[in-house]
Every structure is written in structure tokens, then in C-alpha cells.
Amino acid sequence: MDIIYGRNAVKAAIKSGRSIDKVIAVKELNDPSVREILTLAAQHHVPIVRADKRKLDSLSMPFGHDGKPANHQGVVAVAAAKDYASLEDVLELAEQRGEPPFVVILDGVTDEGNLGSIIRSAEVLGAHGVIMGKRRSASLSAVAYKASSGAAEVLPVVKVTNLNTVIDELKSKNVWVVGADMDGDDMAGIDLKGAIAVVVGSEGEGLSRLVKEKCDFLARIPMKGQTGSLNAAVAAAVIMYEKLRQDTHS
């Protein structure tokens with residue numbers, strides 16, 4: 001992650017349009033300059049977090065000296081390790097390859113290691129991009145970037161305000177939306193060929209209700225063991241591979 005600290009620096013970063021995952025402000029601060037920054041963040045759909053001063057001290061410590069944190073003035077912005085792409089970038093990549101769009105949508109995946117692993121699998125298995133929401137989602141941090149093993153550098157990763165809106169847009173472009181869900185049909189019996197968006201839910205709760213209702217199909221990974229579930233990164237990879245298998249053998 002890139003840490004931006006200090007009121008003027010944070011304000012400038014937001015105004016520049018840079019990809020910022022969240023703005024963190026000390027809980028007790030409520031003076032006009034801080035309110036201005038938080039209002040600006042809200043206007044740019046940047047999530048806002050209130051935290052203890054110790055949290056900001058910890059984030060800015062690497063930039064301080066003599067064992068003291070840098071002067072963050074009560075406000076810190078956390079920027080992505082790499083700028084996020086747009087949905088248009090994803091669709092353009094599919095067009096460049098002469099392939100129907102293949103998109104992976106993450107609904108509430110919060111573990112950065114899982115995010116990086118999913119990006120890696122998506123790139124290897126032929127997806128054109130990974131899309132996630134701005135809230136209840138992992139960030140493209142240094143941890144996620146490293147876990148992607150370089151895939152985040154070449155595969156578009158998109159962060160959007162509203163996943164439901166993106167799903168509707170993909171549907172308008174004749175992309176079928178398939179959600180990974182234990183209550184779904186066996187994935188091998190679902191036609192995953194052609195233009196497909198695979199939706200993977202959070203590690204603990206799965207797909208959110210609204211996103212689940214938006215899906216055209218729900219796909220279940222058949223399992224034999226006693227633990228009953230796979231983590232988000234593994235589940236995503238299995239379904240992506242099933243799509244690749246169907247495309248290859250069609």
C-alpha cells in the first residue's frame with residue numbers, strides 16, 4: 001500500500017483522481033479542514049474510516065524519524081499498490097483477444113491474500129478482468145499484489161461503487177452471470193461457454209442477497225469431504241477452470 005499522510009497531501013490525492021481505497025481520520029477530530037477532506041472523500045466515493053490516533057501513528061511510523069511517526073495531522077489515505085482499471089478496460093481486453101468477455105466478480109472478498117490468489121488464477125485461466133466493490137472488499141495492497149505473482153500487473157482489476165449496477169451493465173452486453181453458491185446446480189451441468197461473469201462471495205457469508213438475485217444461474221462445486229467448503233480463492237479457481245475446460249472441449 002501507499003500511505004499518504006497530512007491534510008493537504010490527502011486532499012490533493014483525492015482531487016487528483018488517484019485510486020484511493022480509504023481515508024482514515026482520528027475519531028475525535030471534527031474541525032473544518034477535516035470535515036472538508038471527509039466531504040471530498042464522500043463525493044469521490046472513497047470509503048471513510050474513523051480510528052484511534054494510534055492506528056494512524058502506526059501507518060505513518062515508517063515515514064517518521066527518531067522513533068516517532070510522521071506528522072499525519074489526524075488524516076491518512078491508503079492508496080492501491082497499482083491504479084485500478086475500468087470495466088471498459090476489461091471489455092477492451094476481451095475484444096483485443098477476439099474472445100467473449102470472461103469476468104470474475106468478487107462480492108465481499110475481504111482477505112487480501114485471497115484477492116491476490118484469485119487475480120493470479122483469473123489471469124492464468126483466461127479471464128479478462130476482476131471486479132470488486134469499494135466496500136466490504138480487500139484492497140489491491142502490497143500483500144494482494146505479491147500474492148498475484150505478477151498477474152495484477154497485466155490483468156485489469158476494477159473497483160466499483162455498486163456491483164449490482166455493473167452486473168446489469170454486463171447483462172446488457174449479453175454476458176451471463178453465474179454465482180458460486182452451495183445451493184446451486186452442479187457446475188458441470190451449467191453451460192459456462194461464451195460470455196460469462198463468475199461471481200464469488202465472501203469467505204464467511206457467500207453471496208449477498210441482492211447479488212445472488214441478480215445471477216442468472218447458481219453453480220455448486222461438488223465435494224466429498226466432511227469440512228463442507230472451500231475458501232474463496234480455491235472456489236473461484238475451480239469454477240474458472242471448469243469454464244476453461246468447457247470452452248476448450250466445445
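Here are five short exercises on this predicted model, each with a worked solution.

Residues are numbered from 1 along each chain as its sequence is written. In this predicted model, local features need pLDDT of at least 70 and side-chain atom pairs count only at pLDDT 80 or more, while totals for chains, interfaces and linings use all residues; side-chain values use heavy atoms, with hydrogens and water left out.

**Exercise 1. The whole chain**

Work out how the radius of gyration of the chain fits with that of a compact globule.

Solution.
- Step 1: Begin with the elements. The chain holds 10 helices and 10 strands. Helices (H or I, at least four residues) and strands (E, at least two) are DSSP runs, numbered from the N terminus.
- Step 2: Take the rule. The radius of gyration is taken over C-alpha atoms, and the globule rule is 2.2 Å times the number of residues to the power 0.38.
- Step 3: Compare. For 250 residues a compact globule would have a value near 18 Å, and the chain has 20 Å, which agrees.
- Step 4: Add the spans. Along its principal axes, the C-alpha trace covers about 60 × 40 × 30 Å.
- Step 5: Look at contacts (heavy atoms within 4.5 Å). Among the contacts with a separation of 6 or more, 78% join residues 24 or more positions apart.

**Exercise 2. Surface and charge**

Find what share of the residues is buried and how far apart the centres of the positive and negative side chains lie.

Solution.
- Step 1: Learn the classes. Buried means under 20% relative accessible area, exposed over 50%, and partly exposed in between (1.4 Å probe, protein chains only).
- Step 2: Apply them. Of the 250 residues, 47% count as buried.
- Step 3: Turn to the accessible surface (Shrake-Rupley method, 1.4 Å probe; for residues, only the protein chains shown count as cover). The chain has about 12400 Å² of it, with 50% belonging to carbon and sulfur atoms.
- Step 4: Set the counting rules for charge. Lys and Arg count as positive and Asp and Glu as negative, while His and the chain ends are not counted. The place of a charge is NZ of Lys, CZ of Arg, CG of Asp or CD of Glu.
- Step 5: Count. There are 30 positive and 32 negative side chains, and the centres of the two sets are 6 Å apart.

**Exercise 3. Two loop residues with positive phi**

Decide whether histidine 45 and aspartate 66 are exposed or partly exposed.

Solution.
- Step 1: Locate histidine 45. This residue sits in the loop between helix 2 (32-43) and strand 3 (48-51), and its phi is positive, about 60°, although it is not a glycine.
- Step 2: Classify histidine 45. Its relative accessibility is 46%, so it counts as partly exposed.
- Step 3: Locate aspartate 66. Its loop runs between helix 3 (53-60) and strand 4 (75-79), and its phi of about 55° is positive although it is not a glycine either.
- Step 4: Classify aspartate 66. With 70% relative accessibility, it counts as exposed.

**Exercise 4. Strand 5 and its partners**

Explain why strand 5 is described as largely enclosed, and name strands that pair with it.

Solution.
- Step 1: Count the buried residues. Six of the six residues of strand 5 (residues 102-107) are buried, so the strand is largely enclosed by the rest of the structure.
- Step 2: Recall the pattern. In a regular strand, side chains alternate between the two faces of the sheet.
- Step 3: Sort the faces. Phe102, Val104 and Leu106 lie on one side, with Val103, Ile105 and Asp107 on the other.
- Step 4: Find the partners. Two strands pair if DSSP finds at least two bridges between them. Strand 5 pairs in the parallel sense with strand 9 (residues 196-201) over six bridges, and phenylalanine 102 stands opposite isoleucine 196.
- Step 5: Continue to strand 6. Strand 5 and strand 6 are also parallel, over four bridges, with leucine 106 opposite methionine 132.

**Exercise 5. From strand 6 to helix 8**

Find which residues valine 166 contacts beyond its neighbours within four places in sequence.

Solution.
- Step 1: Follow the sheet. Strand 6 (residues 129-133) pairs with strand 7 in the parallel sense over four bridges, and isoleucine 131 stands opposite valine 158.
- Step 2: Place valine 166. It belongs to helix 8 (residues 163-172) and is buried, with a relative accessible area of 7%.
- Step 3: List its contacts. Beyond those neighbours, valine 166 touches Leu87, Ile131 and Val160.
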